[in-house]
Amino acid sequence: MVRPAGLLDPARRRPFLDQRRPSFRRRWQQRPLWVRLGLSLVLALACVLLLLGLAGSPDPSSPPSTDSARSGTTVSSPLLRQRSYLDGITDAHNMTDEMLSAHSFSRQLMDQISLAKTYIVAAKEANNLQFVAELSAQVRREQSILAHAAAHGGTVKKEDAEKAIRDMAMLFFQAQQFRYDSSVTIMKLKGQIQSLEEKSKAEADKSTKYGQIAAEELPKGLYCLGVRLTMEWFKSPELQRKFSDRSPAVQSNMRDNSLYHYCVFSDNIIAVSVVVNSTTLNSKHPEKNVFHLVTDEVNYAPMKAWFAMNDYGGAIVEIQKVEDFTWLNASYVPVLKQLQDAATQNFYFSGSGNRGTPIKFRNPKYLSMLNHLRFYIPEIYPELRKVVFLDDDIVVQKDLSDLFTINLNGNVMGAVETCMETFHRFHKYLNHSHPLIRAHFDPDACGWAFGMNVLDLVEWRNKNVTGIYHYWQERNADHTLWKLGSLPPGLLAFYGLVEALDPKWHVLGLGYTTVDPASIKEGAVLHYNGNMKPWLKIGMEKYKGFWDNYVDYSHPLLQRCFMH
């Protein structure tokens with residue numbers, strides 16, 4: 001094989017090999033091919049530079065130059081000239097021709113500087129500060145030689161470069177004796193990267209844990225509001241009569257399909273009030289809006305008290321509690337049946353630690369029947385034909401009446417798709433290694449979002465979507481199809497039955513990420529999905545204002561609970 005010009009015969013490096021440990025050959029052969037090639041090139045370059053420096057250096061026994069003797073001047077150290085030379089460098093200087101020369105001192109100097117910087121890093125890791133100082137001084141010396149040549153538009157002078165190259169080569173040889181080679185440096189850098197990754201992961205886990213805890217806690221103001229509303233309800237017969245003595249016309253309107261019906265299932269009074277308030281204030285015909293609210297027994301009385309105290313542009317508000325739906329029991333609802341199982345209880349309530357279930361899987365909302373009530377809407381409202389389902393963490397900015405005239409083309413649901421990013425495709429929510437999922441669903445199918453959904457209840461009943469939901473929920477008793485939440489079973493139950501809506505109808509992400517301001521301005525519904533809800537202290541300040549606009553903080557009860 002023809003050896004490239006400038007490379008030395010490997011046999012000439014025998015003296016270096018003799019100084020290494022006897023096991024070098026074995027360790028050398030065990031290294032990857034790319035490491036051996038890289039080290040060979042580095043050692044060859046160092047040897048070439050060393051020999052060139054030794055060959056061009058003056059004989060110590062020869063007399064000094066007569067020119068220098070006659071001039072009587074002394075040559076100042078390059079280190080002393082460094083500052084003035086570097087100050088004169090401009091970007092206009094171009095050393096391309098010099099660098100392309102076969103005998104370029106500039107290229108040798110720059111190669112040595114690059115290699116020296118690598119050795120400096122390794123020496124710092126080994127805490128060899130003296131060697132770091134020597135290498136750094138030599139780097140500055142060679143940099144000043146290059147700077148001087150660039151500032152004066154010429155080439156590097158032989159008399160300036162040869163001693164610097166030879167001195168640096170000697171330091172490289174010393175670095176090899178310290179074993180500051182590329183493989184050692186790479187291993188150290190890998191160790192540092194791994195350590196930083198572990199620290200980063202630990203901090204991310206802490207952040208997730210504390211954020212989850214903060215999201216699950218009931219703020220003091222909301223607790224206070226619930227207590228005071230409960231007191232007002234039970235001491236005020238007038239408030240109670242507003243719900244018990246409703247006229248036949250109002251009761252008829254609750255099932256009138258010519259009106260606009262909205263469903264909200266929540267135990268958060270102030271959040272539901274924002275949904276109702278923002279919808280009616282932005283509605284062209286607020287008196288045609290009917291809100292069907294379902295809460296739990298704890299919040300049933302305070303929820304009724306709040307909506308009895310406040311008027312929302314003539315809109316009708318119906319309030320029920322989930323405990324009254326006696327047909328939702330363990331014999332019919334798979335989720336309730338699974339919650340009676342010891343394995344499921346252990347899955348959700350296991351202790352923390354490496355062997356426990358991650359904290360995000362143990363969020364109480366995933367166990368709440370209010371979270372799964374959305375799959376029973378046709379049975380809760382058997383007389384209705386079309387409704388709009390709204391989550392309690394949304395704000396309405398536009399009139400939503402056009403949603404009730406959208407053609408769903410025979411589909412059951414109208415929803416905004418969320419597959420603009422790969423994160424929101426089916427394979428991110430479902431376990432596609434499971435044969436059932438792999439056989440029935442496309443892993444790259446586009447996901448969609450709950451929070452603002454148009455539901456054709458006639459088609460729902462015809463296609464038995466609730467039955468499909470039950471089928472998949474029962475198959476997931478061991479949590480192998482998906483881990484948590486109501487969206488994964490929703491993706492399965494409504495698969496092939498979703499009509500894509502214009503993204504302007506539903507803008508997501510205000511509870512966990514940065515959202516395009518233009519999308520927020522044009523959005524009909526803003527969704528604070530994520531842990532950073534607007535009623536929590538951890539909520540994103542830049543988006544809280546959209547929600548606060550629909551909270552009447554001048555209300556006496558809000559003044560007492562949120563201002564004191």
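**View 1. A helix lying across two strands.** Helices here are DSSP runs of at least four residues, and strands are runs of at least two. With that in hand, look at helix H15, residues 297-309, in this predicted model. Helix H15 lies across strand S2 (289-295) and strand S3. Its direction runs at about 165° to that of S3.

**View 2. The open sheet, strand by strand.** Zoom out a little and you can follow 7 strands in an open sheet, in the order S3-S2-S1-S4-S7-S6-S8. The pairing is mixed. Strand S3 (316-321) and strand S8 (498-500) stand at the edges. Each of these two has a single partner strand, so one side of each is left without a neighbour in the sheet. Going from one strand to the next, the twist averages 25°.

**View 3. Where S6 meets S7.** Now pick out two members of that sheet: strand S6, residues 413-415, and strand S7, residues 452-456. They pair in the antiparallel sense, over 2 bridges. Want a residue to look for? Find Gly414, whose bridge partner in S7 is Val454.

**View 4. An edge-to-face ring pair, Trp327 and Tyr376.** A search of the whole structure turns up 25 aromatic pairs, and here is one of them. The ring centres of Trp327 and Tyr376 are 6.3 Å apart, and the planes sit at 65°, so this pair is edge-to-face. Trp327 is in the loop between S3 and helix H16 (334-339), while Tyr376 is in the loop between helix H18 (369-372) and helix H19 (377-380), so the pair ties together parts that are 49 residues apart in sequence. Is each ring's residue buried or partly exposed? Trp327 has 30% relative accessibility, so it counts as partly exposed. Tyr376 has 0%, so it counts as buried.

**View 5. A stacked ring pair, Phe375 and Tyr469.** This aromatic pair is stacked, with 3.9 Å from centre to centre and 10° between the planes. Phe375 belongs to the loop between H18 and H19, and Tyr469 to helix H23 (residues 465-475), so the pair ties together parts that are 94 residues apart in sequence. Both Phe375 and Tyr469 are buried.

**View 6. The ring cluster and an arginine.** Ring pairs link a whole set of residues into a cluster. Among them are Trp327, Tyr376, Phe375 and Tyr469 from the two views above, along with Phe265, Tyr332, Trp448 and Phe450. Take a look at Phe450: Arg374 lies over the face of its ring, at 4.7 Å from the ring centre.

How values were computed: Residues numbered from 1 in each chain as written. Predicted model: local features only at pLDDT ≥ 70, side-chain atom pairs only at ≥ 80, totals over all residues. Heavy atoms only, no water. Pairing = 2+ DSSP bridges. Axes fitted to C-alpha atoms, helices over the stretch in contact; angles between N-to-C directions. Contact = heavy atoms within 4.5 Å. Phe/Tyr/Trp six-rings, centres within 6.5 Å; stacked < 30°, edge-to-face > 60°. Buried < 20%, exposed > 50% of the residue type's maximum accessible area, 1.4 Å probe, protein only. Lys NZ or Arg CZ within 6 Å of the ring centre and 35° of its normal.
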